[in-house]
Amino acid sequence: MGDLDSRQSQKDESSENLLSSGGVSNQVYSQEKGPKSPVLSPEDIDLKLLATEDGVSHALRRAKLWSKYAKDVVCYVEKKTSLGQYLSWD
């Protein structure tokens, strides 16, 4: 599961880079904790990606990382399921 945590931190860092490059002004506020991460609509994200020099490559790189992460999760679940079935054959 350590690999999954490191990939999550990579995702967080790439999101922060994208958001900090555009100077996002709309933030979501919680009553208890103050400002949270900005929430962007899909159209806003598309515009920010198109406005940056390497926006398309950034989007493709992120999709590739997400795909690898999803594959790892599926493999993990399949291994746990097969192990559970194997152990239930008393």
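Before I start, one definition: a residue counts as exposed when its relative accessible area is over 50%, as buried when that value is under 20%, and as partly exposed in between. With that cut-off in hand, Leu 60 counts as exposed, because its relative accessible area is 59%.

What we are looking at is a predicted model, so let me take the overall layout before I come back to that leucine. The chain contains 3 helices and 2 strands, and, read from the N terminus, these elements follow the order α-β-β-α-α. Of the 90 residues in the chain, 11% are buried, and the chain exposes about 7600 Å², of which carbon and sulfur atoms supply 55%. If we take the contacts between residues at least 6 apart in sequence, 44% of them join residues that are at least 24 apart.

Now to confidence. The mean pLDDT of the chain is 75, with 58% of the residues reaching 70 or more. Confidence is highest in helix 3, at a mean of 93, and lowest in strand 1, residues 29-30, where the mean is 44. Over residues 22-30 the pLDDT stays below 50, although this stretch does have 19 contacts in the model beyond near neighbours in sequence. Where pLDDT is low, the predicted coordinates should not be read in detail, and I will leave that part there.

Let me return to Leu 60, which sits in helix 3, residues 55-87. Together with Leu 50 and Val 56, Leu 60 forms a nonpolar patch on the surface, and the accessible area of these three residues together is about 340 Å².

Next comes the loop between helix 2, residues 42-51, and helix 3, which is where Thr 52 lies. Is Thr 52 buried, exposed or partly exposed? Its relative accessibility is 27%, which lies between the two cut-offs of 20% and 50%, and Thr 52 is therefore partly exposed. The side chain of Thr 52 also reaches the backbone oxygen of Leu 49, at a distance of 3.0 Å.

To close, the two things I would point to on the screen are the nonpolar surface patch of Leu 50, Val 56 and Leu 60, and the side chain of Thr 52 reaching the backbone oxygen of Leu 49.

Technical notes:
Residues numbered from 1 in each chain as written. Predicted model: local features only at pLDDT ≥ 70, side-chain atom pairs only at ≥ 80, totals over all residues. Heavy atoms only, no water. Helix = DSSP H or I, 4+ residues; strand = E, 2+ residues; numbered from the N terminus. Buried < 20%, exposed > 50% of the residue type's maximum accessible area, 1.4 Å probe, protein only. Contact = heavy atoms within 4.5 Å. Areas by Shrake-Rupley, 256 points an atom, 1.4 Å probe, with all protein chains shown as cover. Patch = residues over 30% accessible without salt bridge, like charges linked within 9 Å, V, L, I, M, F, W, Y side chains within 5 Å. Salt bridge = Lys/Arg side-chain N within 4 Å of Asp/Glu carboxyl O. pLDDT = per-residue confidence, 0-100. Polar contact = N/O pair within 3.5 Å; in protein donor to acceptor, adjacent residues only side chain to side chain.
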